[in-house]
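Q: Please take a close look at how the strands pair in this protein, and tell me which residues face one another. I'd enjoy a connected tour rather than a list.

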Amino acid sequence: MGMFDAAEEYSRLRGEHSRGFRWRGGRIAQLRICFNKLLAQYLWSFQTDIQASGYAVLDPLRRYVHSKGPRVTYVTFNYDLLLETALSLEGIQYSYRLDNTSKITTLLKPHGSINWFLRTSGKVFNMPIWAEFGPNISIFSGLDPALLPFRGDVWKQVMLIAPTPHKEFSLIEMKKTWTSFSSSVHAAPVLTVIGYSLPDADRVARLVLNRAGPKHSLNRQITVVNPADVKAAFSQYVSPNCRFIRKRFEDFA
């Protein structure tokens, strides 16, 4: 996905009227659409395993988190539907939007999701299995592994954002998601970061997570769970006061 970003930059550098079909911006855009669709279909193929037992690994963490109260915000950079399935099977309502007046669990996906689709035709879906996320994105709310929402031209553009410095913020839905991510980090008394290594390329996420640091709050409890040694990066870019647990997610949960 990062290579598509680089290719589009190179296409702009060459100019619209340069020779050579390979680097034309329109062709690169079409290849990206095709790749995202194939990636989404591949990840969707795991829904059968997730529905069967794959979500059970989240159970201990979910029970612990929700025992602390109703105001829970999950942020995941994963495209898959593991967390949605786990919450749904446990009867927990969630919303992709942050609403401080509601007690419904918030699930923010700053990098998009395999069930988010660009409405290229402007068509509004009236079926119960579809929900409107905003003027540009429709959400396929069905989690049944037998359902595969990738047919037809209307919803072929899956909303997936690469974890690179070149993020797509032109859509109002993504702007609001990242704004909600930032405000949630800033407001949370307890922040637990699981399995995220703070990669160099994901600079915007680094800036957002920095809002959890001592410049904004001296009392915030920050726990980082990761089997790798990520202490240096988090101490530098987030907070020197982080508590580190070097475990895999399964063992931590």
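A: Let's begin at one bridge: leucine 191 has isoleucine 222 in β9 as its bridge partner. Please keep in mind that this is a predicted model, in which local features need pLDDT of at least 70, side-chain atom pairs count only at pLDDT 80 or more, and totals for chains, interfaces and linings use all residues. Residues are numbered from 1 along each chain as its sequence is written, and side-chain values use heavy atoms, with hydrogens and water left out.

The bridge at leucine 191 is part of a parallel pairing, in which five bridges join β8 to strand β9, residues 221-225. (Strands pair if DSSP finds at least two bridges between them.) Strand β8 spans residues 190-194, and its two sides differ: Leu191 and Val193 make up a covered face, while Val190, Thr192 and Ile194 form an uncovered one. In a regular strand the side chains alternate between the two faces of the sheet.

Past β8, the loop that leads to α7 (203-209) contains leucine 198. Its backbone deserves a glance on your screen, since leucine 198 has a positive phi of about 55 degrees although it is not a glycine. The same leucine 198 is buried, with a relative accessible area of 1%. (Buried means under 20% relative accessible area with a 1.4 Å probe, counting protein chains only.) Over the whole protein of 253 residues, 40% count as buried.

Now to another group of strands. The protein holds nine helices and ten strands, both taken as DSSP runs numbered from the N terminus (H or I, at least four residues, for helices; E, at least two, for strands). Four of the strands build an open sheet in the order β5-β6-β4-β7, with antiparallel pairing. β5 (130-132) and β7 (158-160) are the edge strands; each has a single partner strand, so one side of each is left without a neighbour in the sheet. From one strand to the next, the twist averages 45 degrees.

Let's step through the pairs that involve β6. On one side, β5 pairs with β6 in the antiparallel sense over three bridges, and the two form a hairpin with four residues between them. Here tryptophan 130 stands opposite phenylalanine 140 in β6. On the other side of the strand order, β4 (residues 112-118) pairs with β6 (residues 137-140), again antiparallel and over three bridges. Two positions in β4 make this register easy to follow: tryptophan 116 stands opposite isoleucine 139 in β6, and phenylalanine 117 has serine 138 in β6 as its bridge partner.

What about the faces of β6? Both are covered, with Ile137 and Ile139 buried on one side and Ser138 and Phe140 buried on the other. Contrast that with β8, where Val190, Thr192 and Ile194 make up an uncovered face.

Last comes a helix. α6 (residues 172-187) packs on the four-stranded sheet, touching β4, β6 and β7, and its direction makes about 150 degrees with that of β4. (Touching means heavy atoms within 4.5 Å; directions are N-to-C along lines fitted to C-alpha atoms, for helices over the stretch in contact, with angles from 0 to 180 degrees.) If you want one place to start exploring, try β6: β5 pairs with it over three bridges, β4 does so over three bridges too, and α6 touches it.

Terms used
Buried means under 20% relative accessible area, exposed over 50%, partly exposed in between (1.4 Å probe, protein chains only).
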